[in-house]
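Please look at the sequence and the structure together before reading on. The report then takes up a few features in turn.

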Amino acid sequence: MPTTPFLTREGYAKLQEELEYLRTKKREEIAQRLHEAMEGGELIENAEYEAAKNEQAFVEGRIKELEYLLASAKIIEESGGHSHIVQVGSRVTIQEEGMEPEVYTIVGAAEANPALGRLSNESPLGKALLNRKAGDSVQVDAPQGSFRVTILKVE
């Protein structure tokens with residue numbers, strides 16, 4: 001059974017914009033490329049036609065993925081301050097021993113971008129932090145090895 005995807009309102013809006021772009025402008029652009037490639041004659045060895053067909057398949061796959069994601073997503077509120085327990089939408093300050101504190105917002109996998117402080121609830125660190133509170137020391141079992149972080153603050 002697939003897990004429920006989590007999205008912030010901002011993330012939901014961005015994915016809606018991407019879906020609209022792909023359905024309208026990108027489909028039209030690919031159709032034009034296919035039309036131009038077909039006018040070139042022989043389709044069997046036409047590299048431009050093949051490239052356009054491959055891009056069309058990718059775009060249609062992405063459209064289906066976005067449609068599913070938007071239809072099944074649960075909207076979360078960021079930094080609601082309603083709980084001192086780490087959950088999707090929480091802003092968490094953590095510190096690994098000997099390192100500077102880091103701040104992350106726990107988001108669904110579709111919006112994750114650790115470089116921008118957006119940590120997936122499905123990542124090893126995200127999973128380890130969920131349902132914990134400030135002051136907890138958490139063991140994280142990551143592919144590159146285990147490490148321990150302390151939760152300094154939950155907002």
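What follows describes a pair of helices, a group of charged side chains and a sheet, in a model that is predicted.

## Two helices side by side

Two packed helices are described by the angle between their axes and the distance between the axes. In this model, helix 1, which covers residues 9–39, packs against helix 2, which covers residues 47–72, at an angle of about 160°, and their axes are 9 Å apart. Because an angle over 145 degrees counts as roughly antiparallel, helix 1 is described as roughly antiparallel to helix 2.

The crossing of helix 1 and helix 2 is left-handed. The residues that make up the contact between helix 1 and helix 2 fall into three groups, namely 16 nonpolar, two polar and 12 charged.

## Salt bridges around K26 and E55

Over the whole structure, a search finds 12 salt bridges. Which residues are linked in a network of salt bridges? They are K26, E29, R33, E48 and E55, and some of the individual pairs can be followed from one side chain to the next.

The side chain of K26 meets that of E29 in a salt bridge, with a distance of 3.0 Å from N to O. K26 and E29 lie three residues apart in helix 1, so about one helical turn separates them. With a relative accessible area of 14%, K26 is buried, because buried means under 20%, whereas E29, with a relative accessible area of 36%, is partly exposed.

K26 also forms a salt bridge with E55, and here the closest N and O atoms are 2.9 Å apart. This pair links distant parts of the chain, since K26 belongs to helix 1 and E55 to helix 2, with the two residues 29 apart. Both K26 and E55 are buried.

E55 forms a salt bridge with R33 as well, in which the closest N and O atoms are 2.1 Å apart. Again the pair links distant parts of the chain, with E55 in helix 2 and R33 in helix 1, 22 residues apart. Is R33 buried or partly exposed? At 21% relative accessibility, R33 counts as partly exposed, because the buried class holds only values under 20%.

## A sheet of five strands

The model also contains an open sheet of five strands, which are arranged in the order 5-4-3-7-6 with mixed pairing. Strand 5 (118–120) and strand 6 (137–142) stand at the edges, where each has a single partner strand, so one side of each is left without a neighbour in the sheet. On average, and with direction ignored, neighbouring strands of this sheet are turned by 45° against each other.

## Strand 3 and its two partners

Strand 3 (residues 91–96) runs antiparallel to strand 4 (residues 102–107), and four bridges join the two. Two positions help to locate this pairing: R91 has T105 of strand 4 as its bridge partner, and I94 stands opposite E102 in strand 4. Strand 3 and strand 4 form a hairpin with five residues between the strands, and in this hairpin G98 takes a positive phi near 80°.

Strand 3 is also paired with strand 7 (residues 145–154), in the antiparallel sense and over five bridges. To find this pairing in the structure, one may start from Q95, which stands opposite T150 in strand 7.

Notes: Residues numbered from 1 in each chain as written. Predicted model: local features only at pLDDT ≥ 70, side-chain atom pairs only at ≥ 80, totals over all residues. Heavy atoms only, no water. Axes fitted to C-alpha atoms, helices over the stretch in contact; angles between N-to-C directions. Parallel < 35°, antiparallel > 145°, perpendicular 65-115°, else oblique. Left-handed = near helix turned anticlockwise from the far one by under 90°. Nonpolar A, V, L, I, M, F, W, Y, C, P; charged D, E, K, R; others polar. Salt bridge = Lys/Arg side-chain N within 4 Å of Asp/Glu carboxyl O. Buried < 20%, exposed > 50% of the residue type's maximum accessible area, 1.4 Å probe, protein only. Pairing = 2+ DSSP bridges.
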